[in-house]
Amino acid sequence: MKRRDIIKTITIIGFLVSSLATPVIATAAETIKWKMVTTWPKNFPVLGTGANQLAKLIGEMSGGRIKVKVYGGGELVPALEVFDAVSRGTAQIGHGSAYYWKGKVEEAQFFSTVPFGMNGQEMNAWLYHGGGMELWTETYEPFGVVPAAAGNTMVQMAGWFNKEINSVEDLKGLKMRIPGLGGEVLRRAGGTPVNLPGAELFSSLKSGALDATEWVGPYNDLAFGFHKAAKYYYYPGWHEPGTTLEAIINKKALESLPKDLQSIVINACKVVNQEMATEFTAKNNAALDTLVNKHHVDVRRLPDDVLKKLKGLSEEVVLELAGKNKAAKRIYDSYDKFRKQVTKWDDISEREYLNIR
Ligand code: CA
């Protein structure tokens with residue numbers, strides 16, 4: 001380029017930069033439009049709104065270079081097809097939880113939660129610093145999907161019951177909505193696990209078609225009005241002690257982004273992972289207060305012998321899952337080693353502190 005031309009070019013660039021707002025230039029040329037499909041009903045408290053927040057954060061952190069449109073379960077694809085939709089690229093990102101994909105990859109359940117497994121804080125420690133994330137990434141690799149932890153329910157409640165649970169005998173014949181591994185544990189304890197969608201739970205409890213249901217924790221449960229359909233609210237949530245929620249990202253879509261945007265997407269997931277956990281903690285304690293003091297809900301602890309029975313059966317069920325294939329065994333070994341170690345530390349730190357407070 002001749003000197004004259006260079007000056008001319010610089011002048012034109014200078015004109016463009018000064019006469020147009022920079023975001024207009026950036027968005028006109030570079031806006032990347034992503035679709036986010038979720039397993040939650042649109043705007044569902046914490047779970048759905050957390051997914052919305054993830055989309056918003058990616059937009060803000062990238063200065064508008066990525067725009068993510070969120071679809072509730074059933075809007076673009078059915079809730080349980082979120083994984084496939086992200087895998088084939090119909091959507092670039094999804095939000096749900098790994099245990100929904102057990103029909104496809106059974107060992108994925110370790111990355112959500114397992115009965116009597118790690119709590120939310122321990123799960124994050126394992127995932128980020130104990131090798132869990134590497135195993136999770138490997139598990140989804142064949143599907144062209146990259147996982148990220150993106151939320152945690154923390155310890156859930158055991159559920160709403162219209163039958164008192166005073167002994168192991170009371171579990172016999174108990175018709176309870178409890179999906180996944182927890183359901184299998186209940187079945188082995190003599191109960192009848194039922195898998196019903198959330199929308200049918202209230203009427204089924206009310207009509208007596210169900211004796212009990214688990215859901216999430218006080219905040220989500222209060223919103224559903226379960227206190228108007230069941231007598232007893234039992235704790236602790238042995239079956240879901242810290243359910244990790246996930247963002248799944250289409251690998252090609254992620255890798256096609258410049259490095260800074262890749263980092264923004266992954267780190268936005270980390271922010272939401274923390275945000276949802278703290279939101280659950282804050283809202284659950286306020287909702288528990290409302291349930292107890294305004295609605296006079298009978299909150300009860302499951303008896304020790306019942307928990308002991310459920311724990312024994314859970315070990316059996318989780319070990320069977322570990323025996324399904326080589327990958328499951330590797331994940332179980334890593335998970336179990338971390339759980340045992342962290343328990344020793346938590347016993348003299350968190351547990352002991354909560355006991356003396
Ligand atoms: Ca649950």
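These are my notes on a calcium site and two pockets in a predicted model.

**Calcium site**

I looked up which atoms hold the calcium ion. I found Gln-156 (OE1), Glu-214 (OE) twice, Trp-215 (O) and Glu-240 (OE), at 2.2 to 2.9 Å. I wrote the spacing of these donor residues along the sequence as Q-x57-E-W-x24-E. Gln-156 sits in the loop between strand E4 (145-152) and strand E5 (159-161), while Glu-214 sits in the loop between strand E8 (212-213) and helix H9 (218-224), so this pair ties together parts that are 58 residues apart in sequence. I then checked whether the two are buried or exposed. Both Gln-156 and Glu-214 are buried.

**Largest pocket**

I noted a volume of about 2000 Å³ for the largest pocket. Its lining has 50 residues, and those nearest the centre are Asn-119, Val-155, Pro-236, Pro-241 and Arg-351. Which elements give two or more residues to this lining? I listed helix H5 (120-129), helix H11 (259-293), strand E11 (298-301), helix H12 (304-322), helix H13 (326-348) and helix H14 (350-356). H13 gives the most, with 9 residues. Sorted by class, the lining of the largest pocket has 24 nonpolar, 13 polar and 13 charged residues.

**Second largest pocket**

I noted about 900 Å³ of space in the second largest pocket. I counted 36 lining residues, with Tyr-99, Tyr-100, Arg-177, Pro-179 and Trp-215 nearest the centre. Trp-215 also gives its O atom to the calcium ion. Helix H7 (residues 180-188) supplies the largest share of this lining, 3 residues. By class I recorded 19 nonpolar, 13 polar and 4 charged residues in the lining of the second largest pocket.

Methods
Residues are numbered from 1 along each chain as its sequence is written. This is a predicted model: local features need pLDDT of at least 70, side-chain atom pairs count only at pLDDT 80 or more; totals for chains, interfaces and linings use all residues. Side-chain values use heavy atoms; hydrogens and water are left out. Donors are N, O and S atoms within 2.8 Å of the metal (3.2 Å for Na, K and Ca); water is not among the atoms, so sites may look incomplete. Helices (H or I, at least four residues) and strands (E, at least two) are DSSP runs, numbered from the N terminus. Buried means under 20% relative accessible area, exposed over 50%, partly exposed in between (1.4 Å probe, protein chains only). On a 1 Å grid over the protein atoms alone, a cavity is a set of points where a 1.4 Å probe fits but cannot get out, and a pocket is an open set with protein on both sides within 12 Å along at least five of seven lines; lining residues have an atom within 4 Å of a point. Grid points are joined across faces, edges and corners, and a volume is the space filled by probe spheres set on the points. Ala, Val, Leu, Ile, Met, Phe, Trp, Tyr, Cys and Pro count as nonpolar, Asp, Glu, Lys and Arg as charged, and the others, Gly among them, as polar.
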